[in-house]
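Student: I'd like a close look at one part of this chain, the sheet and what sits around it. Could you start from a single residue and work outward?

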Amino acid sequence: MKISDWLDEKEAENIDVSQMTLPTNMAYDEDPDETIFFKEENPCGLFCTENHPFATVERFGHWYFARGQDKKAGIHSSEMMWRLFTKDKNIALQTAKAHIE
């Protein structure tokens with residue numbers, strides 16, 4: 001089952017999908033149709049393997065998945081992770097940019 005179909009089913013069941021966590025097998029089995037936005041704050045350089053704040057927006061069918069780690073968490077932190085599923089591209093982009101700026 002595709003991610004967009006699964007989200008449609010959950011939405012039809014009147015479940016709030018905006019903060020939904022995907023089943024593990026589904027999250028790894030499907031690549032996004034498109035990556036619309038990606039930004040990472042990495043002052044350490046290319047070879048640093050630690051965590052860095054980032055934000056991304058990916059499209060799965062007619063759903064947009066915005067996720068990342070808030071810039072306020074700081075460099076090398078694993079806290080303040082966030083996610084949002086929405087059908088509105090502008091909301092996804094605004095949310096991602098707000099978390100990384």
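Tutor: Let's begin with Phe60, and keep in mind that this is a predicted model. Is Phe60 buried or exposed? Its relative accessible area is 5%, and the cut-off for buried is under 20%, so Phe60 counts as buried. The residue belongs to strand S2.

What does Phe60 touch, once you leave out residues up to four places away in sequence? The list is Ile3, Ser4, Glu30, Asp31, Pro32, Asp33 and Phe65. Pro32 deserves a second glance: 28 residues separate Pro32 from Phe60 along the chain, yet their C-alpha atoms are 5.2 Å apart. For a sense of how this goes across the whole chain, take the contacts between residues at least 6 apart in sequence: 47% of them join residues at least 24 apart.

Now step back to the strand itself. S2 covers residues 54-60 and is joined to S1 by six bridges, with the two strands running antiparallel. On that side, Glu34 stands opposite Arg59 of S2. Toward S3, the count is seven bridges, again antiparallel. There, Thr56 has Arg67 of S3 as its bridge partner.

Between S2 and S3 the chain makes a hairpin with two residues between the strands, and Gly61 there has a positive phi near 65°.

Follow Arg67 and you get across to the next strand: its bridge partner in S4 is Arg83. S3 and S4 are antiparallel too, and six bridges join them. So what is the order of the strands in the whole sheet? It goes S1-S2-S3-S4, an open sheet of four strands with antiparallel pairing. At the edges are S1 (34-40) and S4, each of which pairs on one side only. Ignoring direction, neighbouring strands are turned by 10° against each other on average.

S3 is mostly covered, with six of its seven residues buried. For the chain as a whole, buried residues make up 36% of the 101 residues. One element in contact with S3 is helix H1, which lies across S2, S3 and S4 and runs at about 100° to S3.

Next, the pocket. The largest one has a volume of about 340 Å³. Which residues come closest to its centre? Out of 19 lining residues, those are Leu22, Ala27, Glu58, Phe65 and Arg67. Two of these names have come up already: Phe65 is among the residues that Phe60 touches, and Arg67 is the bridge partner of Thr56. Which elements supply the lining? H2, S2, S3 and S4 each give at least two residues, and S4 gives the most, with four. Sorted by class, the lining has twelve nonpolar, five charged and two polar residues.

Two loop residues are worth a look before we zoom out. Most residues other than glycine have a negative phi. Asn14 has a positive phi near 60°, and His76 has a positive phi of about 65°. Where do they sit? Asn14 is in the loop between helix H1 (3-12) and helix H2 (24-29), while His76 is in the loop that links strand S3 (63-69) to strand S4 (81-86). How open are they to the outside? Asn14 has 73% relative accessibility, and the cut-off for exposed is over 50%, so Asn14 counts as exposed. His76 comes out at 37%, which lies between the 20% and 50% cut-offs, so His76 is partly exposed.

Finally, the whole chain. There are three helices and four strands, and from the N terminus on they run α-α-β-β-β-β-α. The C-alpha atoms fill a box of roughly 45 × 25 × 25 Å along the principal axes. If you want one path to trace on screen, start at buried Phe60, go along S2 to Thr56, cross to Arg67 in S3, and carry on to Arg83 in S4. At Arg67 you can pause, as this residue is also one of those closest to the centre of the largest pocket.

Notes: Residues numbered from 1 in each chain as written. Predicted model: local features only at pLDDT ≥ 70, side-chain atom pairs only at ≥ 80, totals over all residues. Heavy atoms only, no water. Buried < 20%, exposed > 50% of the residue type's maximum accessible area, 1.4 Å probe, protein only. Pairing = 2+ DSSP bridges. Axes fitted to C-alpha atoms, helices over the stretch in contact; angles between N-to-C directions. Contact = heavy atoms within 4.5 Å. 1 Å grid on protein atoms, 1.4 Å probe; cavity = no way out; pocket = protein on both sides within 12 Å on 5 of 7 lines; lining within 4 Å. Points joined across faces, edges and corners; volume = space filled by probe spheres on them. Nonpolar A, V, L, I, M, F, W, Y, C, P; charged D, E, K, R; others polar.
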